[in-house]
Amino acid sequence: MLALLPPELLVQVFKSLPSFEAILALRDADVTFARVWELNSRIILTAQADIIRDHDNYIDMDYLVRFAQIHESFRIPELQALADLSGIDVGFADYSQYSPHCVVRLRDRDAARNLISRSILTQGIYELWGTGSTYDELHADTRRRTSNLWQNYQSASFKFEVQAFMATRSLSEQNDLITSFSYLGFKGPIRLRNPEQTFCVFEDWDWGGSAPKKIYFGRFVGGSSRSILDTYTLKKRKYLSTTSMDSELALITANLTHAAPGRLFHDPFVGTGSFLVACAHFGACTMGSDIDGRAVRGKNGRNIFTNFGQYDLVGGYLDMFVADLTHPPLRRSRFLDGIICDPPYGVREGLKVLGSRDGGSKEVKYIDGEPAHLQAHYLPPKKPYGFEAMLNDILDFAAETLVESGRLSLWMPTANDEGAGDLEIPRHACLEMTSVCVQAFNKWSRRLLTYQKLRGDDVKDQSHQRISQSSNSVAASTTANELNAFRKRYFEGFRGPPQQVD
């Protein structure tokens, strides 16, 4: 229809559009350059004719993500979670956990910037201009891919960087490599600080290799949030304990759980609030609980609220309260957007929940005429609690309180040997697992499990695979080892095959 409009009306239509949107509209309308030229250059177009003829190749470009070489199993899940959060379609074209380079396919530069703007495990994203196993291949691919883009940067200030992974390049070698790109014809000033454009050569080497096995060349598009790690490091935190979660992993977990403005997050094992601080950084409103009132109340005038104040995040602090997972003072309805937690593993001491061992009620005791359970320093009775039962209860709690598409992220331990199956990954009919990430230690590891609440129509009964122990059987055993197979194997040094816990 647009192709049938008179030139003066076309002018009014396209003047209201950004140049690139105008190009797409022209292409879809099958308006030729000759027709546009009739408008006496009253519309300024910023792309070449081949972009209009084949705009899909321009929009769906390859981008190079430069990862930090740490927490390898977390990197792709974090990017995918951020893509889902922002509604970005991302394709992973080339990736290995042994390399910090990942080629992705994205719709445009804005999508690339948005994708990694809050990422913790990336360092930057680059428009991929060329790739090859040798520099001859790299230069040929750069000419093939981007020769039509060079003129856009002819007068811009710029700088070149060379980054070699698993190798080192001397300054003279770097200068030679940079000079080999002189055919780009850039005439702008070179600025090492704050240039308008940054171009980078990435080399991927094998350890001890004589030449890089893969080379990438790209233009910097956007940076990540990795620089905030220094701000949130535990070394500077005012209130913490020996079990406070590492700030980097807390921020990654918040990304996987989709913490964002306008969302309500809860940590039922809040401790010193590391997860909730991370969620508040990304704009979420947070609340937490813990069976240990000492952690919630704090000490020496410092508590969880102190940490929120330290980072100017008090707007994300809703409240903290003392409760255990099996007796939360929360209404059982769908009101939480996210649940994020690192439950106790029961290694240092056996797990406990509120209640008596025999399950019966107790006679009310009075102290100075006042019921003991209403006094400030009252310690309620506790009974042994199984780790598997706790995992089941966490999933049940999430299924009851998460909104549709809300997320649950929880950490759980496992052994590294063949006996790792003694603690199965818990599943629930109402929750779909989206990722499993692993942080390995010496003889054991811990997994970060992330689930998403299904819509009612998507619930599948066959996915409801409960792990061995029910919370109704917490009084069946009396020792911590009998209730926690991982704890037993931990103190045995993970020697021998795991024994089945009845």
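Select strands β1 (residues 61-67) and β3 (residues 101-106) together: in this predicted model, six bridges join the two, and the strands run antiparallel. To locate the pairing, centre the view on Leu64, which stands opposite Val103 in β3.

Next, keep β1 displayed and add strand β4 (residues 122-132). Five bridges join β1 to β4, again in an antiparallel arrangement. Phe67 is a useful landmark here, with Thr122 as its bridge partner in β4.

Now show the side chains of β1. Are its two faces covered or open? Both are covered. On one side lie Met61, Tyr63, Val65 and Phe67, all buried; on the other lie Asp62, Leu64 and Arg66, which are buried as well. Seven of the seven residues of β1 are thus buried.

Proceed to helix α7 (residues 109-116) and select Ala111, Ala112, Leu115 and Ile116, which are buried. Why do these residues lie on the same side of α7? The arc that they cover around the axis is only 110 degrees, which puts them on one side of the helix. In general, an α-helix has 3.6 residues a turn, so residues three or four places apart point the same way.

With those residues still selected, display their surroundings. The buried residues of α7 pack against β1, β3 and β4, and also against α6 (72-86) and β7 (214-223).

Finally, move to the start of α7 and select Asp108 and Asp110. A side-chain oxygen of Asp108 comes to within 3.2 Å of the backbone nitrogen of Asp110.

Terms used: Residues numbered from 1 in each chain as written. Predicted model: local features only at pLDDT ≥ 70, side-chain atom pairs only at ≥ 80, totals over all residues. Heavy atoms only, no water. Buried < 20%, exposed > 50% of the residue type's maximum accessible area, 1.4 Å probe, protein only. Helix = DSSP H or I, 4+ residues; strand = E, 2+ residues; numbered from the N terminus. Pairing = 2+ DSSP bridges. Arc of directions from axis to C-beta. Contact = heavy atoms within 4.5 Å. Polar contact = N/O pair within 3.5 Å; in protein donor to acceptor, adjacent residues only side chain to side chain.
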